[in-house]
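Visitor: Could you take me through this model, beginning with its cysteines and going on to one of its helices?

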Amino acid sequence: MSLFGLGSRNQKTFRPKKNATPRTKGAQLQKHIDSTLGNGNLREVIRLPPGEDSNEWLAVNTVDFFNQVNILYGTLTEFCTETNCPVMNAGPVYSYKWADGVTIKEPIKVSAPKYVELLMDWIEVQLDDESTFPQRLGVPFPPNFKEVVKTIFKRMFRVYAHIYHSHFEKILSLKEEAHLNTCFKHFILFTREFKLIDKRQLEPLHELVESILRQYNTSMDEWEWEWE
């Protein structure tokens, strides 16, 4: 999607995924997202279009949210450094270690910029793997597709949590708070709609998430479902 008025200070960090080609179903869904975003109604933006496949919808939105968080974090790379952020955290209580289950099987402690770099590389690998995110019409999604998407969203949330806890003052000085808040609201509402993150994972931003949900006449207390 277009993110007007917000450029990246580090083009090496901001690596947007290319949009779906015109031959794919994703391209049609992307046009739907772009058109509905213009009316400002996030409920309409996140809703599965009638008659569409939910996995296709999850796939094209996962790319969109990946691009969003890449742009947002890209504005902070000169401030989020090994020195300033030696640990990937969300305030003094919550910290995150990295593991991808392949090259790094045991979680390791890394700095915030290193964590985000490893995360973005890992997400790109998932998005580029056509056995997980098929690009051609008629190719089915794998049985574990939603589980992969859940992991991607859980980890992208950690980037938002780090930004809010460690860099919000800088966001304010850059006058990017409105854009950040809109992106995060979109992220939370989509996550809520498709049950992508266990509410316990949202604790680092509990009050902010609650304030978003109250705008839509719901709350964290209603964020209940079975997790596998």
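**Cysteines and a helix**

Guide: The sulfur of C85 lies 3.8 Å from the closest cysteine sulfur, that of C80, which is too far for a bond. This is a predicted model, in which local features need pLDDT of at least 70 and side-chain atom pairs count only at pLDDT 80 or more, while totals for chains, interfaces and linings use all residues. Residues are numbered from 1 along each chain as its sequence is written, and side-chain values use heavy atoms, with hydrogens and water left out.

Visitor: How many disulfides does the count come to?

Guide: A disulfide is taken as a pair of cysteine sulfur atoms within 2.5 Å. Because C85 has its closest cysteine sulfur, in C80, at 3.8 Å, that pair is too far apart for a bond. By this rule the count comes to zero disulfides.

Visitor: Is C183 buried or exposed?

Guide: Buried means under 20% relative accessible area and exposed over 50%, with partly exposed in between (1.4 Å probe, protein chains only). C183 has a relative accessible area of 5%, so C183 is buried.

Visitor: How do the axes of α6 and α7 cross, roughly parallel or roughly perpendicular?

Guide: The axes, which are lines fitted to C-alpha atoms over the stretch in contact, with angles from 0 to 180 degrees between N-to-C directions, come within 10 Å for α6 and helix α7 (residues 206–214) and cross at roughly 75°. Angles under 35 degrees count as roughly parallel, over 145 as roughly antiparallel, 65 to 115 as roughly perpendicular and the rest as oblique. Therefore α6 and α7 are roughly perpendicular.

Conventions. Helix = DSSP H or I, 4+ residues; strand = E, 2+ residues; numbered from the N terminus.
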